[in-house]
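Reader: Hi, could you walk me through this one? I'd like to go over the contacts and the empty spaces.
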Amino acid sequence: MAKVVIPDHLLTLTGGEREVEVAAKNFRELLIALEARWPDSTVVLGKCAAAIDGQIYQDAFLEGLNPDSEVFFMQRIEGG
Amino acid sequence: MAEAVDYKVIGTSPVRPDGVDKVTGRAQYGADMNLPNMIYGKVLRSPHAHARIKSVDLSKALAMPGVYAAVSGADFPQAQHGEIGGEGGGDVADLAKNIMARDKVLYHGHAVAAVAARSVQLAEAALEAIDVSYEPLPPVLDLDAAMAVDATLLDENCFTKNLPEKPDKPSNIAAVMQLARGDVEAGFADADVIVEGEYRIPMAHQGYIEPHACTASVNEGGQATVWCCTQGHFEFRAMASKVLNMNIADLKFIASEIGGGFGGKTVLYLEPLAILLSQKSHRPVKMTMTREEVFRATGPTSGTHCKVKVGAKKDGTLTAATAWLAYEAGAFAGAPMGPGAMSIFAPYRLDNFHIEALDVLVNKPKVAAYRAPGAPQSMHAMECALDDLARELGMDPIDLRMKNAAEEGTQAPYGPKFPAIGFKACLEAAKQHPHYTRPIPEGAGRGVAAGFWFNVGMQSSAEVHINENGTVTVVEGNPDIGGSRASMCLMAAETLGVTYEQVRTLIGDTESTGFSNVTGGSRTTFATGMAVVQACEDIIAQCKARAAATWGVDEDQVEWEDGQAVPAPGVNADVKPLSLADIAANAARTGGPLLGRASLNAQGAGASFAVNIADVKVDRDTGKVDVLSYTAIQDAGKAIHPAYVEGQMQGGAAQGIGWALNEEYIFNTDGVMENAGFLDYRIPVASDLPMIDTQIIEVPNPSHPYGVRGVGETPIVAPLAVIANAVRAATGLRINDLPFSPPRVLEALDNA
């Protein structure tokens, strides 16, 4: 089960749940599972960057997940 | 990832291929495009910082001989809310209303109308003939006052985002963001020493030398070609299509050379106006901002008000920290409070922290990205607090940072665990640096501070063409701001096994190469470089196949070594190695021209850390701060072109020192910027600065074939606190507000 962590400022999407465990083979399946758990959450989460096992993805979608993967949603980084 | 090997061309510093044209004046910048029948556009800007627009009458201007077109907000499509997309994000409707005001003007200098005429002088005269009726409103100029419950609202439909419960009243606070971990109260209870600080930094501009400029030409079929100075012509094309509701296929954007951007040229201002004026006039339209317009109407970075509190044990171990970070967004939401919040504690191991950040509307220009957007302001607060903490603890400030330094496996405040990073290597280098070990000059003070930036990857494309004689043409889509053509040439040469001189890199327009995100986010050498390397690997695979066909062996019996196809070890083939030139010369017989391609969304950008050291002297009679010596130490991952990496480090340090010492937007009570020119908005010049010494640390990024991390943004983060801490050391005074201009320093000295 991949561990998913929601940033504090988006806890309104999840009814205050900060961490959940999700069975998913890739990021796409993870988003589907989160949508089922928290309807409409992926509209916002889909616009976030995601750090999967320490690697930050600005546009994650097809990335694979391991049973012990850690996924952190975070604000997309812009730069100058 | 590539092992630490001795590269043949990577790590050398050849002359940039575009250098001769730039120093001889041949290079074409934004305002250099001239076309037959071209006319000139100018913008009418609001004299009020906050007002309703009651009416705009263009008729008198349009009646003037030699005036060919005029537009106002009514000529634009209805602004639709939606994601801009691309690197900077934001809302399309806000972008459109920033380009041309509709019902309200939200800052002094906000565009209200535009005209195109036979000459610049005539266009300026026509602006005076435009009749605009305003209903002035009170300007909201103070960051703290803007957040008050009873503050005048910039946008009656702005409801604070991300609150636990949806607010029932609008506010100038567009959004809040929180990050937290652990038990802050317990952490502070565990501390032996606690320091607190409150810091204000005013709005500051990137100060790029080249003003915004573009030329647009719309043909009778409605297809527009735009020449402009931009950090990203593909994203400009996308933004223009959304703002003007045009088919993206009808827009062609060609990036000129660029005289500095630093984030400020990721935003669209003039281009949609020039397109509209060209549509109406049926002539090419050139528009060039004056320096005053650049200051008044393009995005500077946020002014901020930050509070920080840090606790530590006697041995220096940090136990808890809190931060409250308020960022000015300017006229529309979108201050870089998120990166500011995520970066403030990033260099350190912290089990207990709480960060709150706010995005606040004020009647000032809409902010834009500026090198590591948001980080210099927040990290200035933390790095000053750490300096105070070191004093309280009697510790060396580098030792305090080393005691708490993040390393591989440390969980960053924004979530993930760091992969291999170079912060400790930077601290060790700083501690041993001759600048740090030599005595502090008499009467001077020494400061140190750390910097951090995430860096990003994003989308890039590249093609590699092998010419008939084996020379190489790389085509990619990122405007060259800091020497990226040279870096691409070096990576292509290294991968293919040819010399630097055999490779040339071109920047394609939006119709001649694949999509690339902006040159920004410290991404170009990392992401576009990755695309170039992959395109070269495509070429190598093709060359091996053609060599195999030529020799009558299997493809897996061919290897690529030093720019040649050679038989693999053990392969019994009595053949001569085939160089790139040999294979290119025979290309017609083996399948036609050699073209390698790659497009990708680069992942795995490596975070970059820096440590800077400065010695300053303060004139107690005038308050003037002189920087005696300055050293910037930064982890580049791998420096592809060391001289340009040093250039980024020196340039970022110079901008950061300027921000610390002099740069600030000064507004009067009506919201009019009073120093909209380089005489009064004082960026540092060569005589203001010592030679900035550099030391490049190389802890390779495991996600890049040559170990690259971005280097363009981290250099501006540390200098603010470095200067503040050095002034603290020189004077014994913690001056909390920047810049340290002579009047502010003198006032602090007088009040001490």
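Author: Happy to, and one term up front: in sorting linings by class, Ala, Val, Leu, Ile, Met, Phe, Trp, Tyr, Cys and Pro count as nonpolar, Asp, Glu, Lys and Arg as charged, and the others, Gly among them, as polar. This is a predicted model, where local features need pLDDT of at least 70 and side-chain atom pairs pLDDT 80 or more, while totals for chains, interfaces and linings use all residues. Residues are numbered from 1 along each chain as its sequence is written, chains are lettered from A and ligands numbered from 1 in the order in which they are written, and side-chain values use heavy atoms, with hydrogens and water left out.

Reader: Thanks! How many cavities are there of 30 Å³ or more?
Author: The count comes to 4. On a 1 Å grid over the protein atoms alone, a cavity is a set of points where a 1.4 Å probe fits but cannot get out, and a pocket is an open set with protein on both sides within 12 Å along at least five of seven lines; lining residues have an atom within 4 Å of a point. Grid points are joined across faces, edges and corners, and a volume is the space filled by probe spheres set on the points.

Reader: And what volume does the largest cavity have?
Author: About 230 Å³. It has 26 lining residues, and the closest to its centre are A:Gly54, A:Ile56, B:Phe454, B:Ala605 and B:Ala607. Two elements give two or more residues to this lining, β4 of chain A and β23 (594-602) of chain B; helices (H or I, at least four residues) and strands (E, at least two) are DSSP runs, numbered from the N terminus.

Reader: What's the lining of the largest cavity like by class?
Author: There are 14 nonpolar, 11 polar and 1 charged residues.

Reader: Now the second largest pocket: how much space is in there?
Author: About 970 Å³. Of its 48 lining residues, B:Phe262, B:Arg371, B:Ile481, B:Gly482 and B:Gln648 are the closest to the centre. The largest share of that lining, 8 residues, comes from α19(B). By class, the lining of this pocket holds 17 nonpolar, 24 polar and 7 charged residues.

Reader: On to the interface. How many residues does each chain bring to the contact?
Author: Chain A brings 23 and chain B brings 40, with contact meaning heavy atoms within 4.5 Å. In chain A, A:Ile77, A:Glu78 and A:Gly80 lose the most area to chain B, together 27% of what that side buries. Chain A and chain B bury about 2,400 Å² between them, 56% of it on carbon and sulfur atoms (accessible area, 1.4 Å probe, that two parts lose on being put together, summed over both).

Reader: Which side chains form the salt bridge there?
Author: A:Glu70 and B:Lys417, at 3.3 Å, N to O. The rule, a side-chain nitrogen of Lys or Arg within 4 Å of a carboxyl oxygen of Asp or Glu, finds 1 salt bridge across this interface.

Reader: How many salt bridges over all chains?
Author: 39. One of them pairs B:Glu156 with B:Arg52, the closest N and O atoms being 3.8 Å apart. B:Glu156 lies in the loop between α5 (143-146) and β7 (173-181) of chain B and B:Arg52 in strand β2 (residues 51-57), so the pair ties together parts 104 residues apart in sequence.

Reader: Last topic, the backbone. Where is the cis peptide bond?
Author: Between B:Leu738 and B:Pro739, with omega about -5°. B:Pro739 sits in the loop between α20 (719-731) and α21 (742-751) of chain B. A:Asp40 also deserves a look: it is not a glycine, yet its phi is positive, about 75°.
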